[in-house]
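Please open the structure in your viewer and keep the selection tool at hand. The tour below goes from one selection to the next and says what is there at each stop.

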Amino acid sequence: MDGIVIIGAGECGTRAAFALREEGYGGAISLIGNEPHLPYERPPLSKPADTGVHLKAITTAEAMEAVAINYCQGISVMEVDTLSRSVSLSDGCTVRYNKLLLATGARPRQLTCTGASRALDFRTHSHAAEIFRRAANARRVAIIGGGLIGMELAAVLRSKGLEVGIIEAAAKPLGRAVPPRFAEHLHRVHVERGVQFFLGRGIAGIEDGFVRLDDGAQVPSDLTIAAIGVVPDTELASKAGIATGNGILTNAYLRTSDPNVFAAGDCAAVSLNGAAHVRYESWRNARRQAETAARNMVGASEPLVSTPWFWSDQYDLTLQVAGLPAAGQETVVRTCPNGEIEFYLLDDRLVGAAGLGIGNAVARDIKLAEMLIDAGVMLDVSSLGDTNVSLKDLLKANRSAAA
Ligand SMILES: Cc1cc2nc3c(=O)[nH]c(=O)nc-3n(C[C@H](O)[C@H](O)[C@H](O)COP(=O)(O)OP(=O)(O)OC[C@H]3O[C@@H](n4cnc5c(N)ncnc54)[C@H](O)[C@@H]3O)c2cc1C
């Protein structure tokens, strides 16, 4: 049966399957996922409720059945053959396709030090279940990696009363994705809550009961977790002869080097307007790319248009970052009740906005900032920082000026 095959039933693959039906596609859809569950959301794994980690399903078996999405649960695609346009499955079946979407996501980067296998990974529901099961009987936790996932996990475990140490090779935590103002703020909050940081240090080895650092120091640990980032899952693609680099390479239409194969989500490195290939690891990116890929697989010719956006919850604080803040941009800060926003401008145009606040304090303003970024209009820097000028009014004024 020819149709559309989607490899990977994560946020991206699942969204793509439904988006195909929303576009009116009536052919066969096979959604093949190697995890033993219904498709589920990853973000809640590092933000579990007091009752512990639970599986938040993206959809139900009935919802997929209702729109004839053939979900192959717990099945791996072993090989892609682009000549016969078919995929071979771990259950021995072969499925042919007209169009194929690679939504294989990413895998945890592996430690290479001695005793590396003592550290638990953190990517899947099974990983999270094991971490929280072991945390229930642990007193001291070492988290290797001070990125977003490591810091979120530290917040949860510290709030449960565990002693938490974060070991980070860089001089500061959160350096990769979070603007310095808010990375420093979050670092401070963790220190105030009693998280210990071991910065600028590498790992010499993981032993029973402690992590040995490269300067000889020991970080006591009954439970060690590796959160040192992910690598895109490109194996199937490269074996099939599809171009890969820091991800499966696609053009702006999410088409790979094979015209019948698309890639989207954490596994895809996308080139917009002929620029370098860029990969984003975020929930919304997975959904937006899924929707664009779905439309293009059924005949549209639509380049990806998506302002990057992600969030992170740590203690009672929520961070949101929209657009592409970068060093060297002009910045201006606006305070709001229970939070603060920093705007990033290039040639008087807003290109990014980040906010940190209690609960949803910055959500509305970040949404409006995103609209201002998308509008691409020239802005007066002082008005962005002036709390007497509402962002909604700024947006309205720019819209009527453009009309
Ligand atoms: C703990 C955690 C917390 C996060 N929190 C946030 C957050 O707060 N905010 C945010 O914006 N983002 C967050 N993210 C990131 C976000 O969840 C990811 O960007 C998103 O899930 C990517 O979706 P995806 O479908 O591209 O990849 P994935 O979710 O990785 O799904 C890919 C799926 O494909 C399967 N697969 C791979 N190879 C095969 C094969 N050969 N055959 C069959 N199946 C295969 C994989 O097993 C996997 O199930 C978080 C991620 C994690 C892990």
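What follows is a walk through a predicted model, beginning at the ligand and ending at a pocket.

Begin by selecting the ligand together with every residue that has a heavy atom within 4 Å of it; this shell holds 34 residues, and the closest of them are Asn 34, Glu 35, Arg 42, Lys 47 and Arg 123. If you colour the shell by residue class, you will find 15 nonpolar, 10 polar and 9 charged residues.

Next, show the backbone atoms of Glu 11, where a backbone N or O atom lies 3.2 Å from an oxygen atom of the ligand. At Cys 12, a polar backbone atom is 2.9 Å from an oxygen atom of the ligand, and at Trp 311 a backbone N or O atom lies 3.1 Å from a ligand oxygen. Of the 1,000 Å² of accessible area that the ligand has on its own, the protein covers 93%. The elements that each contribute two or more residues to the shell, which can be highlighted in turn, are α1 (11-22), β2 (28-33), α4 (148-159), α7 (283-297) and β21 (309-314).

Now colour by domain: because domain 1 (3-107 + 230-297) and domain 2 (110-226) both give residues to the shell, the ligand lies between them.

For the last stop, select Leu 272, Tyr 280, Ser 306, Pro 308 and Leu 324, which lie nearest the centre of the second largest pocket, among its 18 lining residues. This pocket contains about 370 Å³ of space, and its lining has 12 nonpolar, 6 polar and no charged residues. Domain 1 (3-107 + 230-297) and domain 3 (316-402) each supply at least three residues to that lining.

Key. Residues numbered from 1 in each chain as written. Predicted model: local features only at pLDDT ≥ 70, side-chain atom pairs only at ≥ 80, totals over all residues. Heavy atoms only, no water. Polar contact = N/O pair within 3.5 Å; in protein donor to acceptor, adjacent residues only side chain to side chain. Areas by Shrake-Rupley, 256 points an atom, 1.4 Å probe, with all protein chains shown as cover. Helix = DSSP H or I, 4+ residues; strand = E, 2+ residues; numbered from the N terminus. Nonpolar A, V, L, I, M, F, W, Y, C, P; charged D, E, K, R; others polar. Domains from an automatic or database assignment. 1 Å grid on protein atoms, 1.4 Å probe; cavity = no way out; pocket = protein on both sides within 12 Å on 5 of 7 lines; lining within 4 Å. Points joined across faces, edges and corners; volume = space filled by probe spheres on them.
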